[in-house]
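Reader: Got a minute to go through this one with me? Put it up and I'll ask as I go.

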Amino acid sequence: MPLSVSLSIEGDTTVIELSGELDAKTAPDFHRTIEKAAGHGTTTVEIRMAGVGYMASAGLRSLVFAQQKVADDVTIKVVGAIEPVSRTIRTAGLDRSIVLSDE
Amino acid sequence: MVELARTPVVLEVPATVGALGDVAAFVLRLAGRAGLDRRAAYRLRLAVDELATNIVMHGYRGGDGRITVRGRSGPGGVQITLEDSAPAFDPVAGRLPPCPGVPPQDRRIGGLGIHLALTSVDAFAYVYRDGRNISTLTVKAEGTDPCPPRP
C-alpha cells in the first residue's frame, strides 16, 4: 500500500499528514517532505499519523531524521498514531524527545 | 507447541525493497488463515518485514540475491522461515536494544529494526547451514504479547 504525504502550514505549525504504510519502500517520500518542512522554520512540526496502518523501523529513521533537521527549540509532535505504531515509537525510546498525542 | 500444517507454502522473491510488499501480503494471508487477531498479525508482519528489509539492505548490500519465505499456519499460530544466501548474519548477535541515555541522533537505528523483530515474536531461531542464513519466527494465536502496550 503506498503512502500519501501532504504538507501545509497552520499558523506557527507545519503539518505533515501521512496516510498509508510507512516502510522501507515508502519512507523516502516522508524524508523528502521532512526536508521541506524543516525549511519552514515554524516552532512546531506536527506529524498526523492517524491514517498510517503500518510503520516499520524505516519510519523511526525518518522521525530521527526530522529531529536532526529541525532547530533544537522546535517541537515535533506525532498525532493520532494507532496503538501498534505508537508502541514502535516508544520501543525505540523516541517518545522521550517527540511528543505523542491522541489528537 | 504450536500446531502447524505439515507442508509449508513457499514464496521466493528477489532481494529488493520493491518485493517487501509481496512478502507482507504473503505473511498476512497466512496470519488470516491461522486466525491470528489483528495485533498478532501486525507483530508477525513487522518481524518478517524488518528481517527481510535487513537482508535486502545489509545482507546483500543492495546487490542481487533471493529471499525464500516459507510459511506454515495452523490453529495455534504461524511459523515463517526466511532464507537467504548473503554472508552469515545472526540477527540475535546484531540486535541493538534502545539505549535511553543516548540522544536519538547518536543512535544506530539499523539494529533497532532487528530489536523490533525479535521483541515482536513468540519464538525465534537462527542457523547458518550450507551457505544459507535461516531464520525461523513463530507467532502464536494465543501468544503473550512480549512487549504489551503501556496502561
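Reader: How far apart are the mean positions of the positive and negative charges of chain A?
Author: They are 6 Å apart, taken over 10 positive and 14 negative charges. Bear in mind that this is a predicted model.

Reader: And what does chain A expose?
Author: About 4,400 Å², with carbon and sulfur atoms supplying 47% of that area. As for the interior, 54% of the 103 residues of chain A count as buried.

Reader: What is the order of elements in chain A?
Author: Starting at the N terminus, the order is β-β-α-β-α-β-α-β. That gives three helices and five strands. Chain A is as compact as a globular protein of that length, because its radius of gyration of 12 Å is close to the 13 Å that the globule rule gives for 103 residues.

Reader: What box do the C-alpha atoms of chain A fill?
Author: Roughly 30 × 25 × 25 Å, along the principal axes.

Reader: What share of the contacts in chain A joins residues at least 24 apart?
Author: 67%, counted among contacts between residues at least 6 apart in sequence.

Reader: Let's go to α3(A). Mostly covered or mostly open?
Author: Mostly covered, with eight of its nine residues buried. Among them are P84(A), V85(A), I89(A) and T91(A), and also the two arginines R87(A) and R90(A).

Reader: Where does S86(A) sit, and is S86(A) buried or exposed?
Author: S86(A) is in α3, the helix that covers residues 83–91 of chain A. S86(A) counts as buried because its relative accessibility is 10%, and the cut-off for buried is under 20%.

Reader: What does the side chain of S86(A) have for a polar partner?
Author: A polar atom of that side chain lies 3.1 Å from the backbone oxygen of E83(A). Beyond four places in sequence, S86(A) touches A81(A) and L100(A).

Reader: What comes just after α3(A)?
Author: G93(A), which takes a positive phi of about 80°.

Reader: Next, T14(A). Which strand is T14(A) in?
Author: T14(A) belongs to β2 of chain A, residues 13–22. T14(A) is buried, at 0% relative accessibility.

Reader: Which residues does T14(A) contact, neighbours within four places aside?
Author: They include L7(A), S8(A) and I9(A), then A37(A) and H40(A), and further along T42(A), T44(A), V45(A) and E46(A). With H40(A) there is a polar contact between the two side chains, at 3.4 Å.

Reader: How far is T14(A) from L60(A)?
Author: The C-alpha atoms are 19 Å apart in space, and the two residues are 46 apart in sequence.

Reader: Switching to chain B. How many helices and strands?
Author: Four helices and five strands. Along the sequence they follow the pattern β-α-α-β-β-α-α-β-β.

Reader: And the buried share and exposed area of chain B?
Author: Of the 151 residues in chain B, 48% are buried. The chain exposes about 7,500 Å², and carbon and sulfur atoms account for 52% of it.

Reader: Which residue of chain B has a positive phi although it is not a glycine?
Author: R61(B) is one, with a phi of about 50°. D130(B) is another non-glycine with a positive phi, near 50°. Most residues other than glycine have a negative phi.

Reader: Where are R61(B) and D130(B) found?
Author: R61(B) is in the loop between α2 (38–59) and β2 (66–74) of chain B. D130(B) is in the loop between β4 (123–129) and β5 (132–140).

Reader: Buried or exposed, R61(B) and D130(B)?
Author: R61(B) is exposed, with a relative accessible area of 70%. D130(B) is exposed too, at 76%.

Reader: Last one, E3(B). Where is E3(B), and what does E3(B) contact?
Author: E3(B) is in the segment before β1 (9–14) of chain B. Leaving out neighbours within four places, E3(B) is in contact with G74(B), P75(B) and G76(B). E3(B) and P75(B) are 72 residues apart in sequence, with their C-alpha atoms 6.5 Å apart.

Reader: So why is E3(B) classed as exposed?
Author: Because the relative accessible area of E3(B) is 55%, and exposed means over 50%.

Definitions and conventions:
Residues numbered from 1 in each chain as written. Chains lettered and ligands numbered in written order. Heavy atoms only, no water. Buried < 20%, exposed > 50% of the residue type's maximum accessible area, 1.4 Å probe, protein only. Polar contact = N/O pair within 3.5 Å; in protein donor to acceptor, adjacent residues only side chain to side chain. Contact = heavy atoms within 4.5 Å. Rg over C-alpha atoms; globule rule 2.2 N^0.38 Å. Areas by Shrake-Rupley, 256 points an atom, 1.4 Å probe, with all protein chains shown as cover. Lys, Arg positive; Asp, Glu negative; His and termini not counted. Charge placed at Lys NZ, Arg CZ, Asp CG, Glu CD.
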